Amino acid sequence: MDCVLYKADGTQAPYEPADGKHFTLEELQHAVGGYIEMVNLGDGRMLVVNEEGKGNHLPLNEKGTRLTRGILSWRDLVVGDVLVCPEDALQGEDEDEHES
């Protein structure tokens, strides 16, 4: 699985689910440091962000912002650490749980 955690400081690291297949809600929240919001990148991958990142004044994530160009508003910025992973890595969760 090709999951990558892009940190706001510009570093990146592989990030895999504990079971090797699907992330739990807790794993996703741990990756981004809080409640999650997902953005479909339109290429079979999802970008997972901290949904409260802007309100918590998390730092700009340049890589995350570049990945969402053409998907989000041109003025929208991505902040905090973000996880990029194949859509099927998220299929183990109920949709309602992602709203938590």
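Helix α1 is mostly covered, with 6 of its 8 residues buried. The buried residues of α1 are L25, E27, L28, Q29, A31 and V32. Just after α1 comes G33, and its phi is positive, near 80°. The model described here is a predicted one.

## The sheet

In what order do the 5 strands of the open sheet lie? The order is β2-β1-β5-β4-β3, and the pairing is antiparallel. The edges are taken by β2 (12-14) and β3 (36-40); each has a single partner strand, so one side of each has no neighbour in the sheet. On average, neighbouring strands are turned by 25° against each other, direction ignored. As general background, strands of a sheet pair through backbone hydrogen bonds, and the pairing may be parallel or antiparallel.

The table gives three of the strand pairs.

| Strand pair | Bridges | Direction |
|---|---|---|
| β1 and β2 | 3 bridges | antiparallel |
| β3 and β4 | 5 bridges | antiparallel |
| β4 and β5 | 4 bridges | antiparallel |

Strand β1 covers residues 4-6, and Y6 stands opposite Q12 in β2. Between β3 and β4, M38 is placed opposite V48 in β4. Between β4 and β5, M46 is placed opposite C85 in β5.

Strands β3 and β4 form a hairpin with 4 residues between them, where G42 takes a positive phi near 80°. How many of the 6 residues of β4 are buried? The count is 5 of the 6, so β4 is largely enclosed by the rest of the structure.

## The nonpolar cores

In soluble globular proteins, nonpolar side chains tend to be buried together. The largest nonpolar core of this model has 15 residues, and those touching the most other members are F23, L28, V48, L83, C85 and L90. Which elements give two or more residues to this core? They are α1 (25-32), β4 (45-50) and β5 (82-86). The largest share, 4 residues, comes from α1.

Apart from this core lies another one, of 9 residues. Among the members of that other core are L47, V49, L67 and V82.

C85 can be followed further through its contacts. Leaving out residues up to four places away in sequence, C85 touches D2, C3, F23, G44, R45, M46 and L90. M46 thus appears both in this list of contacts and as the residue opposite C85 across the strand pair. F23 and L90 are also in the list, and both are named with C85 among the core residues that touch the most other members.

## The aromatic pair

The model has 1 aromatic pair. Y15 and F23 form this pair, which is stacked, with 5.9 Å from centre to centre and 20° between the planes. Are these two residues buried or exposed? Buried means under 20% relative accessible area. Y15 has a relative accessibility of 19%, so Y15 counts as buried. F23 has a relative accessibility of 1%, so F23 counts as buried too.

## A residue in a loop

Where does H57 lie? H57 is in the loop between β4 and α2 (62-67). H57 has a positive phi of about 55°, although H57 is not a glycine. Is H57 buried or exposed? Its relative accessible area is 69%, so H57 is exposed.

Conventions:
Residues numbered from 1 in each chain as written. Predicted model: local features only at pLDDT ≥ 70, side-chain atom pairs only at ≥ 80, totals over all residues. Heavy atoms only, no water. Phe/Tyr/Trp six-rings, centres within 6.5 Å; stacked < 30°, edge-to-face > 60°. Buried < 20%, exposed > 50% of the residue type's maximum accessible area, 1.4 Å probe, protein only. Pairing = 2+ DSSP bridges. Axes fitted to C-alpha atoms, helices over the stretch in contact; angles between N-to-C directions. Core = buried A, V, L, I, M, F, W, Y, C linked by side-chain atoms within 4.5 Å. Contact = heavy atoms within 4.5 Å.
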